[in-house]
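This report describes the strand pairing, the nonpolar core and the side-chain interactions of one protein chain. The sequence and the structure are shown first.

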Amino acid sequence: MAAARHLRKRSFQLAGHRTSVALEPEFWTALEAAAQRHGLSLAALVTRIDTARGDAAQPLASALRVHALAEAAQG
């Protein structure tokens, strides 16, 4: 699977549990920029996004990608 080789995995502590998320490098770059714009660490931004998704009906990786796209659309 060629696409999987291009994913970058990062680990975070969310709700007291360690979790890892694999995203394309471009999404990590967009999320890091969003975190910086909001005066947050990447971990803090990921925690906010995780909390906002509520009952976890949406996978965390998907929520992160959607957030990155929404931030990019806002300019």
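**Basis and hairpin**

The model discussed here is predicted. Strand β1, residues 8-14, and strand β2 run antiparallel and are joined by seven bridges. Together β1 and β2 make a hairpin in which two residues separate the strands. A15, located in the turn, has a positive phi of about 55°. Individual positions can be assigned across this pairing: K9 stands opposite A22 in β2, and F12 has T19 in β2 as its bridge partner.

**Nonpolar core**

The largest nonpolar core holds 17 residues, of which V21, L23, W28, L31, V46 and L64 touch the most other members. The elements β1, β2, α2, α3 (42-52) and α4 each give two or more residues to this core. With five residues, α4 gives the most.

V21 illustrates the surroundings of one such core member. With neighbours within four places in sequence left aside, V21 is in contact with R8, K9, R10, W28, L60, A61 and L64. Two of these contacts, W28 and L64, are themselves among the core residues that touch the most other members.

**Aromatic pair**

The model contains one aromatic pair. F12 and W28 form this pair, which is tilted, with 5.9 Å centre to centre and 35° between the planes. Because F12 belongs to strand β1 and W28 to helix α2, the pair ties together parts that are 16 residues apart in sequence. Are the two partners buried or exposed? F12 is buried, with a relative accessible area of 6%, and W28 is buried as well, with a relative accessible area of 1%. F12 thus takes part in two of the arrangements described here, as the bridge partner of T19 and as the ring paired with W28.

**Salt bridges**

The count of salt bridges comes to four. The table lists three of them, including the separation of the closest N and O atoms.

| Basic residue | Acidic residue | Closest N and O atoms |
|---|---|---|
| R65 | E24 | 3.1 Å |
| R37 | E71 | 3.0 Å |
| R53 | D50 | 2.9 Å |

The salt bridge between R65 and E24 links distant parts of the chain, 41 residues apart: R65 lies in helix α4 (residues 60-74), and E24 lies in the loop between β2 (17-23) and α2 (25-37). R65 is partly exposed, with a relative accessible area of 22%. E24 also counts as partly exposed, at 26% relative accessibility. R65 has a further interaction in the model: its charged end sits over the ring of F27, 5.7 Å from the centre of that ring.

What does the salt bridge between R37 and E71 tie together? R37 is placed in helix α2 and E71 in helix α4, so this pair ties together parts that are 34 residues apart in sequence. E71 has a relative accessibility of 9%; because buried means under 20%, E71 counts as buried. The contacts of E71, not counting residues up to four places away in sequence, are A34, R37 and H38. The salt-bridge partner R37 is therefore also one of the residues that E71 touches under the 4.5 Å contact limit.

For the salt bridge between D50 and R53, the acidic partner has a relative accessible area of 16%. This value is under the 20% limit, so D50 is buried.

**Start of helix α2**

P25 is placed in helix α2. H6 and P25 are 19 residues apart in sequence, and their C-alpha atoms are 7.6 Å apart in space. With neighbours within four places in sequence set aside, P25 is in contact with H6 and R8. R8 also appears among the contacts of V21.

**Connections of helix α4**

Several of these findings involve helix α4. This helix gives five residues to the largest nonpolar core, holds R65, the salt-bridge partner of E24, and contains E71, the salt-bridge partner of R37.

How values were computed: Residues numbered from 1 in each chain as written. Predicted model: local features only at pLDDT ≥ 70, side-chain atom pairs only at ≥ 80, totals over all residues. Heavy atoms only, no water. Salt bridge = Lys/Arg side-chain N within 4 Å of Asp/Glu carboxyl O. Helix = DSSP H or I, 4+ residues; strand = E, 2+ residues; numbered from the N terminus. Buried < 20%, exposed > 50% of the residue type's maximum accessible area, 1.4 Å probe, protein only. Pairing = 2+ DSSP bridges. Phe/Tyr/Trp six-rings, centres within 6.5 Å; stacked < 30°, edge-to-face > 60°. Lys NZ or Arg CZ within 6 Å of the ring centre and 35° of its normal. Core = buried A, V, L, I, M, F, W, Y, C linked by side-chain atoms within 4.5 Å.
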